[in-house]
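User: Could you take a close look at one spot for me, where two helices pack against each other and against a sheet? I'd like to know how the pieces sit together.

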Amino acid sequence: MCCTTSVAVKFASRGLALTLGRKYFSSHKMPQIMVDGVVAKLNEFAPESLCEKWDNVGLLIEPYMRRVVSNILLTIDLTEMVMSEAVSLNAEFIISYHPPIFAPLKRITQKSWKERIVTLCLQEGIAVYSPHTCWDNVTNGVNDWLAAALPLASAQPIQENLSNPSYGSGRICVVQGELTLDRAIERIKKYTQVKTLQVARSHSALMNDTPIRTFAVCAGSGGSVLKGVKADLYITGEMSHHEILDATHQNIHVVLLGHSNSERGYLPVFQKILANMLQDYSDVNIHVSNFDADPIKVYPVRLT
């Protein structure tokens with residue numbers, strides 16, 4: 001089993017001293033980058049071969065005309081609001097973490113929102129790329145970012161990639177130092193900037209603030225990856241009611257952030273990574289969407 005040590009240090013170091021939405025000036029003319037060049041760079045970071053078998057990753061929409069890429073928009077979900085934002089930014093390339101095309105489309109009309117997005121991308125000449133589980137499984141990807149919410153002594157994939165054991169889905173982690181559940185919850189909220197969490201305490205520790213020595217993470221929907229993993233705490237986006245009951249009866253605490261909320265905080269991190277990868281190309285601006293958001297909102301109960 002390959003172990004990734006001091007993940008938080010390694011993870012944070014990749015984002016240092018990088019500039020965002022930048023323009024580079026030099027004494028010689030810098031080359032421009034096309035759509036296929038951006039795709040190649042994305043594959044250098046997270047090869048498409050790392051995706052899960054059921055996933056649909058890679059270049060999903062490729063306009064007929066080849067274009068120079070000057071504006072890239074990062075989003076978790078490519079909604080119609082995010083699509084309008086891309087058009088207003090004159091983006092030539094959208095990186096949508098979740099694939100906007102997953103189930104096969106039998107027609108491209110104006111009747112459904114996903115079909116409208118496809119037609120608008122083709123009309124405006126905007127390419128769309130989805131990395132999804134490639135980013136989950138790669139080193140310094142989404143799950144390593146989520147694991148760094150708590151102090152780490154070590155972390156390794158829950159389900160290792162057969163060709164490279166340092167890659168894989170989920171992370172099983174050992175805590176560095178002392179940590180209680182209440183303190184872990186506060187650190188997770190601060191790190192992810194998610195204001196409201198759902199917490200299920202383990203069946204044997206409903207009234208006590210128990211120590212956390214190990215934890216497991218899986219961004220998004222973590223029920224299948226985390227099933228049967230021995231840890232004091234699970235951190236994920238969502239699990240089913242019965243999966244949560246199974247975990248708590250095995251003396252495992254569960255923290256749920258909301259599906260996309262467990263992933264969205266990675267976008268500013270990847271913005272820096274991509275800026276560094278494209279620093280030798282002319283005038284490439286990388287934007288994180290201002291309109292990408294979890295569709296579920298929490299409304300406080302008002303007592304009358």
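Analyst: Helix α2 passes α11 in a right-handed crossing, that is, the near helix is turned clockwise from the far one by less than a right angle (anticlockwise would be left-handed). A quick caution: this is a predicted model, where local features need pLDDT of at least 70 and side-chain atom pairs count only at pLDDT 80 or more, while totals for chains, interfaces and linings use all residues. Residues are numbered from 1 along each chain as its sequence is written, and side-chain values use heavy atoms, with hydrogens and water left out.

Back to the pair. The axes of α2 and α11 come within 11 Å and cross at roughly 115 degrees; axes are lines fitted to C-alpha atoms, for helices over the stretch in contact, and angles run from 0 to 180 degrees between N-to-C directions. The two helices are therefore roughly perpendicular to each other (65 to 115 degrees; under 35 is roughly parallel, over 145 roughly antiparallel, the rest oblique). On the α2 side, K41, L42, E44 and F45 make the contact, and they meet Y266, F270, I273, L274 and M277 of α11. Contact here means heavy atoms within 4.5 Å. Sorted by class, that's seven nonpolar residues, two charged and no polar ones (nonpolar: Ala, Val, Leu, Ile, Met, Phe, Trp, Tyr, Cys and Pro; charged: Asp, Glu, Lys and Arg; polar: the others, Gly among them).

Now for the sheet. It's an open one of five strands, in the order β2-β5-β4-β3-β12, with mixed pairing. Helices (H or I, at least four residues) and strands (E, at least two) are DSSP runs, numbered from the N terminus, and two strands pair if DSSP finds at least two bridges between them. The edges are β2 (58–61) and β12 (285–288), each pairing on one side only. Neighbouring strands are turned by 25 degrees against each other on average, direction ignored. Further in, β3 (residues 71–75) and β4 (residues 93–96) pair in the parallel sense over four bridges, and I72 stands opposite F93 in β4.

Both helices pack on this sheet. Helix α2 (residues 35–45) touches β2, β3, β4 and β5 (127–130), and its direction makes about 25 degrees with that of β4. Helix α11 (residues 266–277) touches β3, β4 and β12, and its direction makes about 175 degrees with that of β12.
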